[in-house]
Amino acid sequence: MTIPIVDLYAQYLTIKQEIDRAIAEVIAESAYIRGRHVDAFEQAWASALGVKRCISCANGTDAIYIALRALRVKPGDEVITSAHSSISTSETITQAGGRVVFCDTDEETFTVDPDDIQRKITPAAVGIIPVHLYGQPADMDAIMAIAKRHNLWVIEDCGQAHLARYKGRYVGTFGDAASFSFYPAKNLGAYGDAGCVVTNDDRLAEWMTTFARHGGKGDHIMEGINSRMDGLQAAILNAKLPHLRAWTEARRRLAGCYDELLDDVGDIITPKVGPGRDHVYHLYVIRTENRDTLREYLTQAGISTVLSYPKALPFYPAYAHLGHVPKDFPVACFNQSRILSLPIYPEMTKEMITHTVGYIASFFKEFQESDSIPAKVIQFAERL
Ligand SMILES: *Cc1c(COP(=O)(O)O)cnc(C)c1O
């Protein structure tokens, strides 16, 4: 049995008729750019979350950029975000004219550490971008309290957290604005790039709509950008949205199976969920000191894994100019050398989970019985 990290074709087969019909409609109507499918999706997604406005755009990275521009980031403004995320979160800060200020993460949840946000605030700080990483909400009470105290705006990066909840409330509804990605492998994924910004602020919504559509249709009241969701993607998302709750429940059930079966296997630490948080398991991320050797072993067994993300953002060449050292982000660095994402997607069966865990258990059995793997592990640890 080979187990992919995600199987988009398996999902397509479960809703083939709905998807094929949606695509055929778009083609019959030539509704490729904007049009009724896009309008319908914006309304449906806003109402699924209980927010006033949803502005569709080309991808989740643009969504962050559009929100940053709407919040009028100026040169020299500092925007605080997590060291453990996709570069989408930080590159857009720079592109909007701001300065990126990275924070360390909380050891158990991989989300930004509110105490480190507090420490990094200077008079130049204007906003915070928390990331609901892997599908687990960041500590929103603490983050919103800091934002309020220091008069900072908040953009939630919800790229991995569709329908995740913090104290019963959907992520994306706490901040001034929130970005979503509908990249194909996300919990709600299109068949190409797509994204959106959501907000309860009508003025921000109007500005973002205008900005993302060349600064206004007909009358260009400003120079904008061209960032739109196309009709095919919107029609596909409309067909998929009614299934999202069931898919989310399936992810949570599968995560529960992993939690139970991996308890006490080797040195594995299964994902921990912070108080009041509903995790939607975009990724199921374990930690182990034997990460690289275990990963190799699973690859040999036909089981795919990924590293999201192998390095803390400050240590990519793009941020070398900031001159950070690992002790600036001890938790993110520690975690990022140990994380491993196991396959999880709604169409996975319990047998596939059992199969995966079986190989993980046999890896640790061999590990305990032979010298060769520990030697590799020690070498690996020395390189860090
Ligand atoms: C996927 C993702 C993005 C970017 O989305 P794209 O649609 O790929 O541009 C941003 N932030 C996080 C946390 C993501 O997972």
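For a chain of 384 residues, a compact globule would be expected to have a radius of gyration near 21 Å, and the protein chain has 21 Å, which agrees with that expectation. The model is a predicted one, and its C-alpha atoms fill a box of roughly 70 × 55 × 35 Å when the dimensions are taken along the principal axes. In terms of secondary structure, the protein chain has 14 helices and 12 strands.

Seven of the strands form an open sheet in which the order is 1-9-8-5-4-2-3 and the pairing is mixed. The edges of this sheet are occupied by strand 1 (53-57) and strand 3 (99-103), each of which has a single partner strand, so that one side of each is left without a neighbour in the sheet. On average, and with direction ignored, neighbouring strands of this sheet are turned by 25° against each other. Within the sheet, strand 8 (residues 177-181) pairs with strand 9 (residues 195-199) in the antiparallel sense, over four bridges, and A178 stands opposite V198 of strand 9.

A second group of strands was also found. Three strands form an open sheet in the order 7-6-10, with antiparallel pairing. Strand 7 (169-170) and strand 10 (277-278) stand at its edges with a single partner strand each, and therefore one side of each is left without a neighbour in the sheet. The pairing of strand 6 (residues 165-166) with strand 7 is antiparallel and runs over two bridges, with R165 placed opposite Y170 in strand 7.

Helices 4 and 8 both lie across strands of the seven-stranded sheet. Helix 4 lies across strand 1, strand 2 (78-82), strand 4 (125-129), strand 5 (153-157), strand 8 and strand 9, and runs at about 165° to strand 8. Helix 8, in turn, lies across strand 1 and strand 9, running at about 15° to strand 1. The two helices are also in contact with each other: the axes of helix 4 (residues 60-70) and helix 8 (residues 202-212) come within 9 Å and cross at roughly 120°. Because an angle of this kind falls outside the ranges for roughly parallel, roughly perpendicular and roughly antiparallel arrangements, helix 4 and helix 8 are oblique to each other. Helix 4 passes helix 8 in a right-handed crossing, and the contact is made by Y65, I66, A67, R69 and A70 from helix 4 together with L204, W207, M208, F211 and A212 from helix 8. By class, nine residues of this contact are nonpolar, none is polar and one is charged.

Helix 9 packs against two further helices, helix 2 and helix 3. Helix 2 (residues 16-29) and helix 9 (residues 231-240) pack at an angle of about 150°, with their axes 9 Å apart. Since angles over 145 degrees count as roughly antiparallel, helix 2 and helix 9 are described as roughly antiparallel to each other, and their crossing is right-handed. The residues that make this contact are E18, I19, A22, I23 and V26 of helix 2, and G231, L232, A235, I236, A239 and K240 of helix 9; by class they comprise eight nonpolar, one polar and two charged residues.

The packing of helix 3 with helix 9 is at an angle of about 45°, with the axes 8 Å apart, and the two helices are therefore oblique to each other. Helix 3 passes helix 9 in a left-handed crossing. On the side of helix 3 the contact is made by H37, V38, A40, F41 and A44, and on the side of helix 9 by G231, A234, A235, L237 and N238. These residues divide into seven nonpolar, three polar and no charged. G231 and A235 of helix 9 thus appear in the contact with helix 2 and also in that with helix 3.

Two features of the backbone in loops may be added. R34, located in the loop between helix 2 and helix 3 (36-49), has a positive phi of about 55° although it is not a glycine. A cis peptide bond, with omega of about 5°, joins S308 and Y309, and Y309 is found in the loop between helix 11 (291-300) and helix 12 (330-336).

Note on methods:
Residues numbered from 1 in each chain as written. Predicted model: local features only at pLDDT ≥ 70, side-chain atom pairs only at ≥ 80, totals over all residues. Heavy atoms only, no water. Pairing = 2+ DSSP bridges. Axes fitted to C-alpha atoms, helices over the stretch in contact; angles between N-to-C directions. Parallel < 35°, antiparallel > 145°, perpendicular 65-115°, else oblique. Left-handed = near helix turned anticlockwise from the far one by under 90°. Contact = heavy atoms within 4.5 Å. Nonpolar A, V, L, I, M, F, W, Y, C, P; charged D, E, K, R; others polar. Rg over C-alpha atoms; globule rule 2.2 N^0.38 Å.
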